[in-house]
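Here's a walk through one model, written for someone who'd rather be at the bench. Have a look at the sequence and structure first.

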There are 6 protein chains.
Amino acid sequence: MPLFDMPLEQLRAYRPQRDEPADFDAFWDGTLAQAREAAGAPLFTRVDSGLSLVTVDDVEFAGGDGDPVRAWLVLPKGDIAGCVVSYLGYSHGRGLPHQHLTWAAAGWANLVMDSRGQGASARAAVGATGDPHGTDHAQSSGMMTKGISSPDTYYYRRLFTDAVLAVDVAAAHDRIDPARIVVAGGSQGGAIAQAVAGLRNDLLAAFIDVPFLSHFSRALDLASTGPYPELVEYLAGQRLDADRVMRTLSYFDGMHFAARATTTARYSVALRDTTCPPSTVFAAYNHWGGEAEIDVWPWNEHEGGMAFQTEIQLDLLRRL
Amino acid sequence: MPLFDMPLEQLRAYRPQRDEPADFDAFWDGTLAQAREAAGAPLFTRVDSGLSLVTVDDVEFAGGDGDPVRAWLVLPKGDIAGCVVSYLGYSHGRGLPHQHLTWAAAGWANLVMDSRGQGASARAAVGATGDPHGTDHAQSSGMMTKGISSPDTYYYRRLFTDAVLAVDVAAAHDRIDPARIVVAGGSQGGAIAQAVAGLRNDLLAAFIDVPFLSHFSRALDLASTGPYPELVEYLAGQRLDADRVMRTLSYFDGMHFAARATTTARYSVALRDTTCPPSTVFAAYNHWGGEAEIDVWPWNEHEGGMAFQTEIQLDLLRRL
Amino acid sequence: MPLFDMPLEQLRAYRPQRDEPADFDAFWDGTLAQAREAAGAPLFTRVDSGLSLVTVDDVEFAGGDGDPVRAWLVLPKGDIAGCVVSYLGYSHGRGLPHQHLTWAAAGWANLVMDSRGQGASARAAVGATGDPHGTDHAQSSGMMTKGISSPDTYYYRRLFTDAVLAVDVAAAHDRIDPARIVVAGGSQGGAIAQAVAGLRNDLLAAFIDVPFLSHFSRALDLASTGPYPELVEYLAGQRLDADRVMRTLSYFDGMHFAARATTTARYSVALRDTTCPPSTVFAAYNHWGGEAEIDVWPWNEHEGGMAFQTEIQLDLLRRL
Amino acid sequence: MPLFDMPLEQLRAYRPQRDEPADFDAFWDGTLAQAREAAGAPLFTRVDSGLSLVTVDDVEFAGGDGDPVRAWLVLPKGDIAGCVVSYLGYSHGRGLPHQHLTWAAAGWANLVMDSRGQGASARAAVGATGDPHGTDHAQSSGMMTKGISSPDTYYYRRLFTDAVLAVDVAAAHDRIDPARIVVAGGSQGGAIAQAVAGLRNDLLAAFIDVPFLSHFSRALDLASTGPYPELVEYLAGQRLDADRVMRTLSYFDGMHFAARATTTARYSVALRDTTCPPSTVFAAYNHWGGEAEIDVWPWNEHEGGMAFQTEIQLDLLRRL
Amino acid sequence: MPLFDMPLEQLRAYRPQRDEPADFDAFWDGTLAQAREAAGAPLFTRVDSGLSLVTVDDVEFAGGDGDPVRAWLVLPKGDIAGCVVSYLGYSHGRGLPHQHLTWAAAGWANLVMDSRGQGASARAAVGATGDPHGTDHAQSSGMMTKGISSPDTYYYRRLFTDAVLAVDVAAAHDRIDPARIVVAGGSQGGAIAQAVAGLRNDLLAAFIDVPFLSHFSRALDLASTGPYPELVEYLAGQRLDADRVMRTLSYFDGMHFAARATTTARYSVALRDTTCPPSTVFAAYNHWGGEAEIDVWPWNEHEGGMAFQTEIQLDLLRRL
Amino acid sequence: MPLFDMPLEQLRAYRPQRDEPADFDAFWDGTLAQAREAAGAPLFTRVDSGLSLVTVDDVEFAGGDGDPVRAWLVLPKGDIAGCVVSYLGYSHGRGLPHQHLTWAAAGWANLVMDSRGQGASARAAVGATGDPHGTDHAQSSGMMTKGISSPDTYYYRRLFTDAVLAVDVAAAHDRIDPARIVVAGGSQGGAIAQAVAGLRNDLLAAFIDVPFLSHFSRALDLASTGPYPELVEYLAGQRLDADRVMRTLSYFDGMHFAARATTTARYSVALRDTTCPPSTVFAAYNHWGGEAEIDVWPWNEHEGGMAFQTEIQLDLLRRL
């Protein structure tokens, strides 16, 4: 893949105007308050995973709208340094427990939140959580347009809420120090971590890799792979709905969450990434409200740094 | 596309054993009874379509589970010979009124039922109906796996019910003779027409083109394009769910509906159709309970006869 | 498809210099005069289409060089508001009569001109007209390079002439008011309508959707799909022929026809259209000699507005 | 490419029934007689090719229907062992003289016949000959369906006639021994050489590589690449024309020419050839009327033996 | 992907004749003896991986021809149940240590052998080992044809030898019980594990997933994806080398190793696997010399069971 | 392919800063000296090619590091005007003798150097020369990354050295005038010719078509096809190696060789060439140290002028 976005120097300075809805905070405060009200106690079921260095719980907790959300909680034997709450890429599910051993092997608990409704066909990582909400409008394939007729019904309202409440679950766990929670994820998982960091101020750090769902207005004109084109497909069919769709998306733009964040972030970006174009990543990064650094992978596409980025994160964890 | 299925002579004789659930009829009787109980009166809203030879109503009627379903009712000015209730192909929506003029121009009313949840991104024919049901499990993209964990929650239970009740709507219309209703559709639309013909015995005829959703066990091993592979994708991820999925599908196999049909059918099939392989079409056709003829298009893929098939149907309509 | 051409604001102002041959008008005057001289009376054969709201004639009239050209004439029963003469997209044929009911259902006659030599393999709309002219040079597949060694032998000289004479046929029909003729088409059909509007001054309106064959010099450098690349393919083989080819094309550039037009036009353009890039459409639109408006579809590719555009046109027809 | 046709042992024995039209010989006798009557003397124009070991003439001779056909005649300096008349693959043209040095370097004259109408966009070998015949029906892209409504107007009637008369031109040349003429070609070129060998009995040998245009009834069901699918495309559009098309093709099937051949042939075939499937090649080879051997390339697709096959042919030439 | 190989019942019985070289055992005995003679002591370098539950060593040991081969040795803290020696899929490298935590988390040591020369561009798992051998012949891309002119120089002679000696390294490690070594791998890794199990009789078990390099004669005719086609590509170029290549491959066919194996095996196979077609897997499995079971994944392609297969293996490990 | 690089006017002026290693000349002087020291006498073996106008020798000479390199020497019968030493495109081999007749037919000797290690799978032109050097690091497929950890071990050090010594072989041949040697090639062959022209000052001319391996820093950001992406693939995996790789490449950048050239060059470039983007060709051309002209093919991709370019070169040869 050739380069296709701005040169790196321009990217480093790219900080587009944000245009957020007046009631952005009210929308999210109300959403979270309502969800927390509906939330009962999470259910932890010990899983016989065949692994001896960790214990694994199959967690079911109440997320957005009080719906049941599944997660794995992997706890290392011995001391626990804190908890990484991790979120998944688009169309992936939480898979099986033995697929989540990295943070535990580093001495951290790891709560892996499933993405509701996703991961059914992910051969490498199946999902286990339904999304018990239908729509009042036709939906394109995938989750990008589910409930998009209003911010109140949009799929990502529920998913981001799940993610904020997943941190509540981690923070309330008796083996986890609530002051030592890190949120982490790549692509959609990065978008979620970014949103959580904008919606709560008690995090130790955020690891945000090649984040999705940022700077929609540019992303829809530039992305040629991945899920952004699902939105373009939808608008290409529902030709008269662009204003309504854009209004809905304005409540979910990563730039607005980044601007509210107060924790320390480690971003990564790939310069040949046609799924989450680098300018859309820098747009959020350059608005980040707390401290932030970014790793730039000049030769990579959406995969970014992968295991190399994880090594950087393992090193950071040790120093937190 | 080269030939890939059986030679035509074998196809003509292909009538595989059917293996249907014992409570197939009970399942559908209960489903339809419950839906009809929930159904209120349909809503007809006259549309200013800019067309002078027909009138168009935007119809909203109660379908499966009592959910609102949209349709167009196109009525020719002058005498009305009967009503064609038509169903749509996978991922298509009802589009706009002026896209449905053929049957009306032949003097027949035409009720075009939208497919709930579908057609969002169909550039040629957008959908307008939501599917207000979520799932208790992760879903692959598209509708093929929505609610597939049980026949009670499977998407096609609702869609087929919508279709049966759409005929109720037509039959109750004061301009339409309830004894002169024809169901028609291609691909998914053909599967729906086939199902409706198996679930009611008051139809004048059924036009079933390159029908989908028939003889699943073979279709999943043979189809290389179109929506059958969505099921394979799902099973490739949810590796342990095949029995449950196959049980669900057994309530929706077109062969079982065809075997119950009593009306006259005109089928069509295309010999190079990798989306609805010809043997799966003949499997249903050869089980048809009423009279039936089939048009064979030897050079075509899933498009089948298209306008040529419509000409055959226009000719049949004249003679009904 | 990401955006790839100029931003919309630049497009709206884009009006490149035209560089037309000195004898452009003489060429076309001569061409039309010669064809009209060769033209005998058109032949109308009533078709038994199975449709009761319209009558259909299979028309054969003399087009370019006096060659026989086929068309459908669809007449609504009752009053006739005028006539839409419609032209087809590249590689499509006139198909079957029941595929042309929209304008008739709105009370307008519709003359659908077949594109000579095209549509043989169009599964959705077969062609029925030959092009009885061979070439003195090797031709690339498709019609783009047929006879391209000279403007006199180029395929589009004959096709545009057919189109001008099709309006003569409509205007001479006893059920049609010659002062109420609209030309319409998309893609190649838009290019033809545009050319006809530049070659006659008696039209009521022109509907020109995503027109092809405009601003060749830019189109050949920008288009990545559709038929423009046939020209690039030809020049990539016939490496020494570019000057001759460019000279031929200069007699067929839509900008020159647009500049001569006097009627009212409704254009449409799609911003992600890689077949007829938006700048090539605006180049013609911004040179239009009469009144003109343009509908911009920001999310669409070459399909443009499709049924939505037709709705706009139905509304315009009512107000003409 | 995996194997897809019969196993080699079956191929070696595959000799399907031939079903030829009763007037096959009359058709071709008449065609050739008429063409020879129309033929004037060929025109030889010496070309300054920059090559010192050979002379090159640009030849124009009268082919089918008396139309002008171009060819290169490459003559080695010194003694001339005979003449190879070579024919080209589909969509290729004769290119430039220095592309035809192999046979000349072996001491043979080489007459390279251009394929009328083809090669316009062939970047490696441009064509220079027009086909001055139009059609009375729409034509799919390429030459496969040009004039296919009747054997009299079909493109290959003219092309095969060109090829027979090209041998006349060679035989009449004062530097060439008319008893020492070899016809040669691959793919379409092989089909032409095969046809010429069936239409004249004065050849020294025929080199027929991976021949096209043989055993149509099977080829249309099996070929997935190359030009056979152009016919399938045509029939998929012109759904009602199959009988007429099949009748036309019956006058051009390579099996019928092979059965009439009397000269010695060297065939080649590739077992993974999806353009000219091996069973269609063996079908012709096994009907060959004279002596024949075949080289089997088990790992190759349509390219077959390429330079290795040429080496075999160079060796044969030495021994002729 | 549709089914393309034999039905499952035939696969279960498919046990083709083996045709092995007379000196197969001599070849491998000599090869291993020579390599072991050249082998010095392995080098273990502790890596600061940021992981607290395991220790990681970067291992360099002498493999085939005494060349240096890299590996990771991951040791769980606490008791060690045994050692899994794992091998990698084609074109993958050993990656980074934190990518190999599954077996360690289950209490087993894990020696992950790098595949010499491979993994350079594997974004998810980079390689770190060179192959310091050149070739005396042109090589196609990838490793499949490196040194293929003779069994003595073929790449897989060195790689399989590396793999046998990797077990020596594990067996000699002071924390590992040499009687409790399991070999494991998928695809190429499965082929390697299979070969090692045929070349030593001291293993506790073998986990062989969708193995590559088995039953070449059928694989080359059937595989349409993955590395088998590299061999077909080579033979399509080097048209005269098939006998030599086939002779070389006969020393590396998985069926011959399987027939010599004495340990217990757990195989897996996927029925839609076009890279390692199921019949080639069953061919080896059905020749296995020891006890063996096989997991069949009916809906999957080359990915097979993935994490689900790992769960089965974790369960087996616990019971070993 | 649309245009994607700079407009032609900018290309003509594009002469980017060169940034070459200080010891560039020392590196190459040492390399060549060492190779020449290792070189013994070349071996000429007369081949029975079946060609009577030329003689062909199979040549084996000592190239880089003294390794054996194969070539064809084709000599025309009669006077010899000089010698063209020609080099091959990436992944091609020298093929068979009868594939190299153009220069001989023009009266020039032609030494066709095989590219070591390449051409194994080239169906049209197989290679016959091994590269007897392994690597100390994993290598991506193809030759682009072989030995790239250092300029001393990089594959192109050996290949360029082969090429310089091939001219030594030609110059020492008793039928060839050492003052009349032309180097020639396209793509990789053009890069080699360019390098040879920078490394020796005794050439008569250089024909450099669409040259590869020039201006790496831009090429890696722009090329979307061909072998440059192999480097990007490598760097996308070996994420931390970019500096080392860039240092190695700096010894092989065509701009540096061009700047040292003293002979007359004829370049060609294609404006739609995504394999060797036009700006990278002009970058070298505009640095050429001697006289130079360039042919621009505006409609072509990487194939450039092909036979048309050869005609230009035949004409130049006559005038040399």
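No contact (heavy atoms within 4.5 Å) links chain C to chain E, and their closest C-alpha atoms are 26 Å apart. Chain A and chain D don't touch either, with 26 Å between their nearest C-alpha atoms.

A quick word on what you're looking at. This is a predicted model, where local features need pLDDT of at least 70, side-chain atom pairs count only at pLDDT 80 or more, and totals for chains, interfaces and linings use all residues; side-chain values use heavy atoms, with hydrogens and water left out. Residues are numbered from 1 along each chain as its sequence is written, while chains are lettered from A and ligands numbered from 1 in the order in which they are written. The model scores ipTM 0.97 and pTM 0.97. For chain A, the average pLDDT (the predictor's confidence in each residue, from 0 to 100) is 97, and 100% of the residues score at least 70.

**The annotated site in chain A**

UniProt, in an unreviewed entry, puts "domain: Acetyl xylan esterase" at residues 1-317 of chain A. UniProt positions are given in the numbering used here, feature names are shortened, and annotations may be inferred rather than shown by experiment. That span is 33% helix and 18% strand, and its end C-alpha atoms lie 33 Å apart. Helices (H or I, at least four residues) and strands (E, at least two) are DSSP runs, numbered from the N terminus.

Which residues does the "active site" annotation cover? The unreviewed UniProt entry lists A:Ser187, A:Asp273 and A:His302. They span 116 residues in sequence, yet no two of their C-alpha atoms are more than 10.7 Å apart, so they gather at one spot.

A:Ser187 sits in the loop between strand 6 (181-186) and helix 5 (188-199) of chain A. Leaving out residues up to four places away in sequence, A:Ser187 touches A:Asp209, A:Val210, A:Pro211, A:Phe212, A:Cys276 and A:His302.

A:Asp273 is in the loop between strand 8 (265-270) and helix 10 (278-285) of chain A. With the same sequence neighbours left out, its contacts include A:Phe4, A:Val210, A:Asn300 and A:His302. The A:Asp273 side chain also reaches the backbone nitrogen of A:Cys276 at 2.9 Å.

Here is how some of these residues score for burial; buried means under 20% relative accessible area, exposed over 50%, partly exposed in between (1.4 Å probe, protein chains only).

| Residue | Relative accessible area | Status |
|---|---|---|
| A:Ser187 | 13% | buried |
| A:Asp273 | 0% | buried |
| A:Cys276 | 0% | buried |
| B:Cys276 | 0% | buried |

As for disulfides (a pair of cysteine sulfur atoms within 2.5 Å), the structure holds zero over all chains.

**Two helices elsewhere**

In helix 10 (residues 278-285) of chain D, eight of the eight residues are buried, so the helix is largely enclosed by the rest of the structure. Among them are D:Pro278, D:Phe282 and D:Tyr285. They pack against chain D elements including helix 1 (8-13), helix 5 (188-199), strand 8 (265-270) and strand 9 (292-297).

What about helix 8 (residues 242-249) of chain F: which of its residues are buried? They are F:Ala242, F:Val245, F:Thr248 and F:Leu249. Seen down the helix axis, these buried residues fall within an arc of 125°, so they line one face of helix 8. That arc is taken from the directions from the helix axis to the C-beta atoms. Their cover includes helix 6 (216-222) and helix 7 (228-237) of chain F.

How values were computed: Polar contact = N/O pair within 3.5 Å; in protein donor to acceptor, adjacent residues only side chain to side chain.
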